[in-house]
Amino acid sequence: MKEWGWPNKWDTTPTWDTIVGRDYVKDALANKTPATMPNLLFHGPPGTGKTSMAYAIKNRSSDILLKYPLHHYNASSKRTRGIEFIEEDIIPLVRSGMEMIILLDEADQLTPAAQMALKGVMENSMATFILTTNDLSKINDALVSRCEVFRFGKIHTEDCKVWLQHLCEKHNFNINDTTLQQIMFAHYGDLRAMTVSLETYAGMVYQGTSLASVKKDAARNFILKLSAAEFDKKLFLNHINDKNFKPAFEMLKKHGDIRSVLKEFLDEELISSDKWAEVITHVVTSYRSIQLGIPEEVVMAGFCKDLVLSTPLYPC
């Protein structure tokens, strides 16, 4: 049987047909031809498919864009964040007059001068620019105005599952639903991290040799470690009781799974009995906000704010 994982690395590049969770982007761009494709700006947390969507656009089925070269740069390095990078790398590219796609990851790391220079280049170029950023506020307004902007939030669990199952089928790898759920829970909303964990796990499930039991033990331990990444409720409540909004909010963002945290607050023993009903109201409000489609980071912030206003939640 085939060995999985390194060095037999999986092909995890999505196509226009297989990318998940971004139907609103696909709908907006479906009828765009190379001549009418706008410059694009994708913003949102890491692991939400911004770079993958750029490659999916490039790899649209039966599309002339397939013939366009894609030049991919990451603006977070010292060499690619200054105006010299725009003058020495980007301008010569676009002056060739060729139609192409230029992908600039982490465009918020470009210096203000580089961003202003890029604005001028984009206005007079036949190239299609795709910019990605984790923080839209760091992109110059003039540069933003030259792009069609799309927000990339956390990817829903069901969409993540579709993608991970697609990878398993593509590479003839069998995985039980419980293990798949553990991988998804550990990296809630971060499809890139899920993909890496799935590929790592597959590489550990080494079959057909005398090392099978060793590899299977390593695979089991890997999944157990993922599952052990539980939310530290005590530390979170300490921050809330101390009215330290920012570290509490950062904990929620890092954990990622607001739904699982909300469920924890249904436990009467977690907080003071005289505050429990008040906290349940905050939980219900947060769940309702999620159902209404409010971005989950906004829900997290609101939940932390409501808890801080309800302190003390338990005796310190």
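**Cysteines, a buried tryptophan and a helix pair**

A search through the whole of this predicted model turns up zero disulfides. Two of the cysteines are tucked away from the surface all the same. C160 has a relative accessible area of 0%, so it counts as buried. C168 comes out at 5% relative accessibility, and that makes it buried too, since the cut-off for buried is under 20%.

Toward the start of the chain, W10 sits in the segment before α1, the helix that covers residues 23-29. With a relative accessibility of 4%, W10 is buried. What lies across from W10 in space, though far along the chain? One such residue is A202: 192 residues separate the two in sequence, yet their C-alpha atoms are 9.8 Å apart.

Further on comes a pair of packed helices. Helix α13 takes in residues 273-291 and helix α14 residues 296-309, and their axes lie 10 Å apart at an angle of about 165°. Because angles over 145 degrees count as roughly antiparallel, α13 is roughly antiparallel to α14. The crossing of α13 past α14 is right-handed. On the α13 side, the contact is made by V279, H282, V283, S286, S289 and I290, while α14 brings in E296, V299, F303, D306 and L307. Sorted by character, the residues of this contact between α13 and α14 come to six nonpolar, three polar and two charged.

Technical notes
Residues numbered from 1 in each chain as written. Predicted model: local features only at pLDDT ≥ 70, side-chain atom pairs only at ≥ 80, totals over all residues. Heavy atoms only, no water. Helix = DSSP H or I, 4+ residues; strand = E, 2+ residues; numbered from the N terminus. Buried < 20%, exposed > 50% of the residue type's maximum accessible area, 1.4 Å probe, protein only. Disulfide = S-S within 2.5 Å. Axes fitted to C-alpha atoms, helices over the stretch in contact; angles between N-to-C directions. Parallel < 35°, antiparallel > 145°, perpendicular 65-115°, else oblique. Left-handed = near helix turned anticlockwise from the far one by under 90°. Contact = heavy atoms within 4.5 Å. Nonpolar A, V, L, I, M, F, W, Y, C, P; charged D, E, K, R; others polar.
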